[in-house]
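Here's a quick briefing to read with the model open beside you. Have a look at the structure, then work through the notes below.

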Amino acid sequence: MAKVTILLSSVLGLLSPLHVSAKTEYTGDIINGHKVISKLDVSDFPLNSLTKLWLQMPRQVNGQAYHVPVIVAKGKQDGNKFLMNSGLHGDELNGIRVVQRVLHDIDLSKLKGVVVGVPGANVNGMYESSRGFLNKENTGSYVNLNREMPGEPNKGNFGQRYAGHLWSNIYGINNFTAVCDFHTQSSTTTFPNFVYADLTVPYVYRMTELTGADIVKIDLGVTAPGSVEVTFDKKGIPAITYELGNPKVWQKDQIQRGYDYSFRQMADLDMYPKSTDPAVIAEYEDYRRNIYYGNEFLSTEAKVGGFVELYAKVLDYVKKDQIVGTMFDLFGRKVEDFYPRHEGYVLSTGTNPLKSAGDSIVNVIHNSTDPECINGC
Ligand SMILES: [Zn+2]
């Protein structure tokens with residue numbers, strides 16, 4: 001079948017320039033029993049099918065390609081298309097388990113439409129146990145794949161090309177109805193269950209409600225150009241960045257919240273029956289009622305290097321005169337007390353006591369009354 005596809009592609013390529021329109025392209029390779037593709041078009045797949053594939057990515061220094069796992073669940077009937085992306089930062093792992101579990105448990109006979117899951121988009125970042133994609137040329141540098149979308153597959157450094165491949169061969173060519181990009185906080189820092197959302201994009205507010213997250217940051221995405229979320233939003237496709245807690249761990253509670261959200265999201269898009277489990281519904285209603293929507297972060301930063309003892313944790317409500325941490329020198333002498341820059345909820349703290357000048361001690365989210373901040377500052 002792969003050979004036929006390649007043959008047809010090359011023949012059509014000669015005959016018609018229209019051939020460049022997206023069609024799933026099979027390389028002919030099979031890895032661990034799964035076919036390798038260089039482009040995904042979900043419209044090619046039969047109804048009532050679950051398909052696991054590898055997307056071939058740019059080649060590494062030894063000429064071998066990275067391969068990104070992709071799962072396509074196509075229901076018994078056509079309908080909307082939901083993209084679940086995860087692991088675009090290689091140290092952010094909770095979302096990978098969400099994608100694995102949802103695509104494993106989904107009942108195709110109840111599904112209307114298509115769910116595409118990417119369980120671990122940054123293969124290089126996972127090898128390196130790092131948020132960034134490591135370019136090893138020259139002295140080496142890290143690329144933040146979530147700032148390089150849509151990119152171009154044949155332009156820029158290796159990491160930028162890798163991002164371009166993801167966009168050009170999966171994300172950007174399947175006419176998704178809605179997108180959730182699962183993340184966590186970065187290494188040595190913590191988050192609650194938290195969403196970045198541009199509420200000026202139709203349907204995004206509804207998506208935030210469906211998460212039942214602890215905190216939503218109202219955010220126009222100006223500090224994250226080139227992210228998956230912002231790039232989809234710009235095209236009018238509603239997208240959120242869903243931060244599921246902490247890096248380099250599988251937190252079962254955070255994963256469960258991402259899992260439950262995904263099924264609620266499908267139900268809201270008329271892709272899947274709503275849950276009728278009273279316990280699940282009650283738990284969600286509780287979460288939804290308590291979502292805190294904030295529009296500004298304010299971070300307290302270290303002025304010099306030293307060791308910091310923390311007196312606040314994520315989701316604590318802190319006042320401006322409250323000591324949230326103290327810095328000590330190597331002999332244990334107090335250097336400085338830290339206070340929040342504004343009253344509000346603690347959104348993020350560090351887990352590593354060692355701090356350099358400029359490092360964040362606590363990051364607080366609140367609601368600024370500045371009219372310019374209404375859609376996020
Ligand atoms: Zn991330």
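What follows covers a metal site and one strand residue.

This is a predicted model, so keep that in mind as you read. The zinc ion gets its protein donors from His-89, Glu-92 and His-183, and Val-36 sits in strand S2, which spans residues 34-39.

**The zinc site**
- Both histidines, His-89 and His-183, offer their ND1 atoms to the zinc ion, while Glu-92 is listed twice through OE.
- These donors lie 2.0 to 2.5 Å from the metal.
- Read along the chain, the donors of the zinc ion fit the spacing H-x2-E-x90-H.
- Glu-92 is in the loop between strand S5 (77-86) and helix H2 (94-105), and His-183 is in strand S9 (residues 178-183), so this pair ties together parts 91 residues apart in sequence.
- Why is the arrangement called irregular? The four donor atoms subtend angles of 56 to 147° around the zinc ion, whereas a tetrahedral call needs all angles between 85 and 135 degrees.
- Glu-92 is buried, at 2% relative accessible area, and His-183 is buried with a value of 2%.

**Val-36 and its surroundings**
- Is Val-36 buried or exposed? Val-36 is buried, because its relative accessible area is 0% and the cut-off for buried is under 20%.
- Leu-53 is 17 residues from Val-36 in sequence, yet their C-alpha atoms are 5.8 Å apart in space.
- Setting aside neighbours within four places in sequence, Val-36 touches a run of residues including Glu-25, Tyr-26, Thr-27, Gly-28, Asp-29, Ile-30 and Ile-31.
- Val-36 is also in contact with Trp-54, Gln-56 and His-67.

Methods: Residues numbered from 1 in each chain as written. Predicted model: local features only at pLDDT ≥ 70, side-chain atom pairs only at ≥ 80, totals over all residues. Heavy atoms only, no water. Helix = DSSP H or I, 4+ residues; strand = E, 2+ residues; numbered from the N terminus. Buried < 20%, exposed > 50% of the residue type's maximum accessible area, 1.4 Å probe, protein only. Contact = heavy atoms within 4.5 Å. Donors = N, O, S within 2.8 Å, 3.2 Å for Na, K, Ca; no water. Tetrahedral: all angles 85-135°; square planar, octahedral: opposite > 155°, others 65-115°.
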